[in-house]
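Biologist: I'd like a close look at one part of this one, the side of chain B that meets its partner. Here's what I'm looking at.

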Amino acid sequence: MEIMRRKPYMNPYLAGVLLGLVLLGAMVISGRGLGASGGIKYCVVSVVGAVSQEHAATADYYSKYYQDGKKPINNWLVFQILGMVVGGFISGAISGRLTWKIEKSPKISKSRRLILAFLGGVFFVYGGQMARGCTSGAALSGMAVLTTAGFVTMIAIFGSGFLFAWFFRKNWI
Amino acid sequence: MPGSLEKTGFKEGLMAPILTSSETAQLINLLIAFLVGIGFGFALEQGGFSSSRKLAGMFYGYDATVLKVFFTASIVAMIGSRILSSLGLLDMDLVFHNQFYVGPAIVGGIIMGAGFIMGGFCPGTGISAAAIGKIDAFVFLIGGAVGAFLFAETYPLIQDFLVSGNRGPVKLSDSLGLSDTVFIFLVTVIAIGMFWLAEKAEKKFARPDITKDY
């Protein structure tokens with residue numbers, strides 16, 4: 001039913017050109033690259049600030065985001081990830097891919113998939129904060145401006161993925 | 001350091017980046033951020049990055065979309081910015097260059113790779129997948145928020161490590177003693193080689209049962 005009106009994905013090289021032009025546009029207009037984990041961080045910092053003003057004002061990590069009456073939610077990266085949700089939704093809508101779904105290998109249970117998705121998120125953003133950016137913010141945007149940090153982060157992410165792939169193979173293949 | 005080539009006569013007139021985050025109206029900059037995000041999310045979803053099994057295919061050879069999209073995008077941005085800067089239309093010194101902290105970049109990258117193979121997403125692809133209703137992507141992003149919280153709370157413990165090994169915003173082209181143009185050319189050649197391998201791998205490790213329907 002739904003599969004019938006589903007459109008195939010864009011040719012990957014064409015999608016890459018499109019993504020590259022978006023990145024180039026961000027560099028030309030605002031002098032910065034793309035990012036995803038940073039926006040998540042600013043949301044979390046805002047929530048912590050709302051829950052405990054005291055903790056946000058005194059803890060080493062949070063206080064720098066609240067200096068001089070700054071509001072961490074009014075941040076470039078936050079607005080960028082809001083845009084990503086809209087852009088992803090538009091793409092899914094015109095291609096007939098809007099469905100509530102847990103995507104997983106038939107060999108594993110839904111709860112196993114969701115637990116691993118949760119842990120994956122914890123690891124990814126923790127590592128992304130450590131490396132000062134994730135696949136988009138450090139690796140892709142860094143490589144676009146030829147930084148060593150960009151190339152090293154990219155190699156570390158994908159190298160590690162290949163290294164650990166064997167242990168998690170049952171979840172995917 | 002960034003932007004060493006042909007600097008003469010660049011500084012007069014209109015030259016990108018047009019807006020830098022410190023100056024100009026913050027509101028316009030946030031609107032730009034939103035529009036950039038729309039393009040980013042759209043491109044990721046169209047490329048198939050809203051599917052975790054498609055993304056994970058990268059690590060088992062049956063689907064190399066990640067490599068194709070990622071490297072094509074970075075090469076387009078490299079070549080595009082190189083052309084604009086040599087035409088005097090873009091001042092690369094004003095474009096953000098991420099600092100290289102040796103240990104944190106490597107250890108952080110390794111932790112991210114582990115997260116990738118467990119979760120099947122990275123933060124950007126997780127957002128594009130959540131946008132079309134993938135519940136596993138929502139859960140991944142909740143995990144991501146917890147990861148950011150844990151990082152903030154453990155920050156005092158790892159602070160010394162996080163600021164260690166800072167080499168500044170160095171460029172790999174400079175470290176290798178190559179001009180930016182030659183370096184970009186070499187990266188492009190390497191990427192084309194990888195694309196060729198990726199196409200072969202996709203045939204060899206093909207899993208039509210997985211790739212026919214996400």
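What is the sign of phi at the Gly88(B) that follows H3(B)? Take it from there and walk me through how chain B meets chain A.

Modeller: Positive: Gly88(B), which comes after H3(B), has a phi near 80°. Keep in mind that this is a predicted model. As for H3(B) itself, it covers residues 65–86, and at 1.5 Å a residue its 22 residues should span 32 Å; the end C-alpha atoms sit 31 Å apart, so the helix agrees with expectation.

Now the contact between the chains. Chain B puts in 115 residues and chain A 108 residues. On the chain B side, the helices that each supply at least two residues are H1 (26–46), H2 (52–56), H3, H4 (102–119), H5 (123–131), H6 (135–162), H7 (172–175) and H8 (180–204). H6(B) gives the largest share of that side, 19 residues. Sorted by class, the side of chain B that touches chain A comes out as 71 nonpolar, 35 polar and 9 charged residues.

Two helix pairs are worth zooming in on. Start with H8(A), residues 148–165, against H4(B): their axes come within 7 Å and cross at roughly 40°. That angle makes H8(A) oblique to H4(B), and the crossing is right-handed. Residues making this contact include Ala149(A), Val152(A), Ala156(A), Gly159(A) and Phe164(A) from H8(A), with Ala105(B), Gly109(B), Met112(B), Gly113(B) and Phe116(B) among those from H4(B). The class split here is 14 nonpolar, 6 polar and no charged residues.

The other pair is H5(A), residues 76–94, with H5(B), where the axes come within 7 Å and cross at roughly 50°. H5(A) and H5(B) are therefore oblique to each other, and H5(A) passes H5(B) in a right-handed crossing. From H5(A) you get Ile81(A), Met84(A), Val85(A), Gly88(A), Phe89(A) and Gly92(A), and from H5(B) Ile127(B), Ser128(B) and Ala131(B). By class, that contact has 6 nonpolar, 3 polar and no charged residues.

How far to trust all this? The model scores ipTM 0.95 and pTM 0.92. Chain B averages a pLDDT of 90, with 89% of its residues at 70 or above, that is, scoring at least 70. The stretch to watch is residues 1–12 of chain B, where pLDDT stays under 50 and the model has 17 contacts beyond four places in sequence. Where pLDDT is low, the predicted coordinates shouldn't be read in detail.

Conventions. Residues numbered from 1 in each chain as written. Chains lettered and ligands numbered in written order. Predicted model: local features only at pLDDT ≥ 70, side-chain atom pairs only at ≥ 80, totals over all residues. Helix = DSSP H or I, 4+ residues; strand = E, 2+ residues; numbered from the N terminus. Expected span 1.5 Å × (residues − 1). Contact = placed C-beta atoms within 7 Å. Nonpolar A, V, L, I, M, F, W, Y, C, P; charged D, E, K, R; others polar. pLDDT = per-residue confidence, 0-100. Axes fitted to C-alpha atoms, helices over the stretch in contact; angles between N-to-C directions. Parallel < 35°, antiparallel > 145°, perpendicular 65-115°, else oblique. Left-handed = near helix turned anticlockwise from the far one by under 90°.
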